[in-house]
Amino acid sequence: MVEKRKKLLEVKHLKQYFNVGKSDEVKAVDDVSFDIYEGETFGLVGESGSGKTTTGRSIIHLYNPTDGQIIFDGKDISKMKSKEETLAFRRKMQMIFQDPYASLNPRMKIKDIVAEGIDIHHLVKNDAERSKKVEDLLELVGLNKDHSSRYPHEFSGGQRQRIGIARALAVQPKFIIADEPISALDVSIQAQVVNLLKELQQDRGLTYLFIAHDLSMVKYISDRIGVMHYGKLLEVGPSDEIYTHPLHDYTASLISAVPVPDPEYERNRKQIIYDPAGEIDHPENPRTLHEVVPERFVRCTDEELPMYQKRAAKFTK
């Protein structure tokens, strides 16, 4: 069971606001809490602008969070002060970016892109060891070791994303944030990259935060899923249960929009329209994440909780 496993990441009441105090203040992430257990893949889904990517960037400290706690591997990383602490943290947590074209420096050779982290953390003694490590990493992600002397423009989108994965693996991290790593790729290549990530996870004992808007792909790779909308986490639970028995209306709406390769089903499919007015908070009766049944969480008020428990009871009979 999940509860017996070690919590590698704990996100508590994370807030990431931009233009604070101004008329155009944006609450990109607003009071989000979740845990990720060692060795699992936690999928974070939601439509564009829901705050998924901002959550990932706040966790890895590409943004300084406005408020909240991020505890990684037992340490509160929001209290990091020294350069040494930050460097040690950066080695344990890495990120694979969404755009394989923009995330690689076009002026650098592949061997230097992959070895960037190796150089920063002084993980090799000499050039020969560095070259060998880069070649091993390229072969690990399904590329040819001879590719190390080329430049990013000489590769396809799928190959570039593999280079990004090799770069993330170079410092032997425990935790990887994959920020929509397949959304910019052809459908034929997407499955290859996701299967590579799954293989690497098994071989290296990695833990993933997998951010995406494609629910079917998230279901395939994730152990648990969190659903975000307007900067808030609305539902969390095991991926199969979220997909087959959504409790929150927004989750049901998202799933109803997922295309199915069945013409008859598609002809008769009715998409559920979600009304976000139900998310508006009242100060005297705020919505928080409640555990409706074991391992299933929904953002609701105390008064709404029995309704969700009733919904969940239908599925567990």
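The legends below describe close-up views of a predicted model.

**View 1. The four-stranded open sheet.**
Four strands form an open sheet in the order β2-β1-β4-β5, and their pairing is antiparallel. Strands β2 (26-37) and β5 (75-76) stand at the edges; each has a single partner strand, so one side of each is left without a neighbour in the sheet. Helix α1 (residues 52-59) packs on this sheet and touches β1 (7-18), β2 and β4. The direction of helix α1 makes about 115 degrees with that of β1. Strands β1 and β4 run antiparallel and are joined by five bridges. Within this pairing, Lys12 has Gln69 in β4 as its bridge partner.

**View 2. The hairpin of β4 and β5.**
Strand β4 (residues 67-72) runs antiparallel to β5, and two bridges join them. Ile71 stands opposite Asp76 in β5, and Phe72 stands opposite Lys75 in the same strand, β5. Two residues lie between the strands of this hairpin, in which Asp73 takes a positive phi near 55 degrees.

**View 3. Phe72 and its aromatic partners.**
Five aromatic pairs are found in a search of the whole structure. One of them is formed by Phe72 and Phe175, with 5.9 Å from centre to centre and 65 degrees between the planes. The pair counts as edge-to-face because its planes are over 60 degrees apart. Phe72 belongs to strand β4 and Phe175 to strand β7 (residues 175-179), so the pair ties together parts that are 103 residues apart in sequence. Both Phe72 and Phe175 are buried. Together with Phe89, Phe72 and Phe175 form one aromatic cluster.

**View 4. The eight-stranded open sheet.**
A second view of pairing shows an open sheet of eight strands in the order β6-β7-β8-β3-β9-β10-β12-β11. Pairing in this sheet is mixed. Its edges are β6 (93-96) and β11 (288-293); each has a single partner strand, so one side of each is left without a neighbour in the sheet. On average, neighbouring strands of the sheet are turned by 20 degrees against each other, direction ignored.

**View 5. Strand β9 with β10, and the helices on the eight-stranded sheet.**
Strand β9 (residues 224-229) and strand β10 (residues 232-238) run antiparallel and are joined by six bridges. In this pairing, Ile225 stands opposite Gly237 in β10. Helix α1 lies across β3 (41-45), β6, β7, β8 (207-212) and β9, and runs at about 150 degrees to β8. Helix α2 (residues 83-92) also packs on the sheet, touching β6 and β7. The direction of helix α2 makes about 55 degrees with that of β6.

**View 6. Strand β3 and its two neighbours.**
Five of the five residues of β3 are buried, so this strand is largely enclosed by the rest of the structure. In a regular strand, side chains alternate between the two faces of the sheet. In β3, Thr41, Gly43 and Val45 point one way, while Phe42 and Leu44 point the other way. All of these residues are buried. Strand β3 runs parallel to β8, to which five bridges join it; in this pairing Gly43 stands opposite Phe210. Strand β3 also pairs with β9 in the parallel sense, over four bridges. Phe42 has Arg224 in β9 as its bridge partner.

**View 7. Arg162 in helix α6.**
Arg162 is located in helix α6 (residues 157-169). Arg162 is buried but has no salt bridge. The nearest side chain of opposite charge is Glu199, at 7.5 Å; no salt bridge is counted here because one requires a side-chain nitrogen within 4 Å of a carboxyl oxygen. Leaving aside neighbours within four places in sequence, Arg162 is in contact with Val141, Gly142, Leu143, Gln192 and Leu196.

**View 8. Glu139 in helix α5.**
Glu139 is located in helix α5 (residues 127-140). With a relative accessible area of 46%, Glu139 is partly exposed. The C-alpha atoms of Glu139 and Ala166 are separated by 9.1 Å, and these residues are 27 residues apart along the chain.

Key. Residues numbered from 1 in each chain as written. Predicted model: local features only at pLDDT ≥ 70, side-chain atom pairs only at ≥ 80, totals over all residues. Heavy atoms only, no water. Pairing = 2+ DSSP bridges. Contact = heavy atoms within 4.5 Å. Axes fitted to C-alpha atoms, helices over the stretch in contact; angles between N-to-C directions. Buried < 20%, exposed > 50% of the residue type's maximum accessible area, 1.4 Å probe, protein only. Lys, Arg positive; Asp, Glu negative; His and termini not counted. Phe/Tyr/Trp six-rings, centres within 6.5 Å; stacked < 30°, edge-to-face > 60°.
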